[in-house]
Amino acid sequence: MMLEPPRRRAWSIALLAAAFLCVACDDEPEATQAADPPPPTVTVASVVERPITPSITFNGRIEAVDEVVLRARVEGFIEQRLFREGQDVRVGDLLFVLEKAPYEAEIAQIKGQIRAAE
């Protein structure tokens with residue numbers, strides 16, 4: 001009995017698959033165990049219990065709630081500025097020291113007018 005070409009091809013494929021299965025089933029555990037790398041080294045840290053303070057950081061821009069505009073009520077030159085920018089000031093705090101010479105000259109003139117009138 002002679003096999004037809006399609007059946008012959010099916011038998012050859014089946015035989016070839018069986019040969020591959022036999023080769024694949026060959027166990028070699030010694031070769032795979034020798035190829036395994038050693039276990040990795042592990043670092044260990046001890047646990048420390050301590051309180052933490054949660055914090056949040058924001059990027060932003062700030063503006064003053066109140067703004068004060070300083071206007072001169074007298075004429076004169078400033079000799080000293082007695083505050084820093086952004087510093088809190090209270091009522092009655094001395095902010096500037098003005099040049100005294102013009103005011104002393106005006107006081108001397110008024111005293112002279114008073115003596116002359118007497």
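Here are some questions and answers about this predicted model.

User: What order do the elements of the chain run in from the N terminus on?
Analyst: Start with the parts list: the chain has 3 helices and 2 strands. Reading from the N terminus on, the elements run α-α-β-β-α.

User: Where in the chain is confidence lowest?
Analyst: Across the chain the average pLDDT is 81, and 81% of the residues score at least 70. Helix H3 (residues 101-117) has the highest confidence, at 93. Where pLDDT is low, the predicted coordinates should not be read in detail. The place to keep that in mind is where the mean drops to 59, in helix H2 (residues 29-35).

User: Is the aromatic pair of Phe 83 and Phe 96 stacked or edge-to-face?
Analyst: The structure holds 1 aromatic pair, made by Phe 83 and Phe 96 with 5.4 Å centre to centre. The angle settles the matter: the planes are 85° apart, and over 60 degrees counts as edge-to-face. So the pair of Phe 83 and Phe 96 is edge-to-face.

User: How many residues apart in sequence are the parts that this pair ties together?
Analyst: Phe 83 lies in the loop between strand E1 (78-81) and strand E2 (96-98). Phe 96 belongs to strand E2 itself, so the pair ties together parts whose separation in sequence is 13 residues.

User: Which residue has its charged end over the ring of Phe 83?
Analyst: A charge sits over a ring if it is within 6 Å of the ring centre and within 35 degrees of the ring normal. Here the charged end is 4.9 Å from the centre of the Phe 83 ring, and it belongs to Arg 81.

User: Is Phe 83 buried or exposed?
Analyst: Its pair partner, Phe 96, has a relative accessible area of 29% and is partly exposed. For Phe 83 the value is 17%, and under 20% means buried. Therefore Phe 83 is buried.

User: What percentage of the residues of the chain count as buried?
Analyst: The accessible surface of the chain comes to about 13000 Å², with 58% of it belonging to carbon and sulfur atoms. Of the 118 residues, the share that count as buried is 1%.

User: How are the C-alpha atoms of Lys 100 and Ile 78 separated?
Analyst: Lys 100 is found in the loop between E2 and H3, and at 54% relative accessibility it counts as exposed. Along the chain, Lys 100 and Ile 78 are 22 residues apart. In space, their C-alpha atoms are separated by 9.7 Å.

Technical notes: Residues numbered from 1 in each chain as written. Predicted model: local features only at pLDDT ≥ 70, side-chain atom pairs only at ≥ 80, totals over all residues. Heavy atoms only, no water. Phe/Tyr/Trp six-rings, centres within 6.5 Å; stacked < 30°, edge-to-face > 60°. Helix = DSSP H or I, 4+ residues; strand = E, 2+ residues; numbered from the N terminus. Buried < 20%, exposed > 50% of the residue type's maximum accessible area, 1.4 Å probe, protein only. pLDDT = per-residue confidence, 0-100. Areas by Shrake-Rupley, 256 points an atom, 1.4 Å probe, with all protein chains shown as cover.
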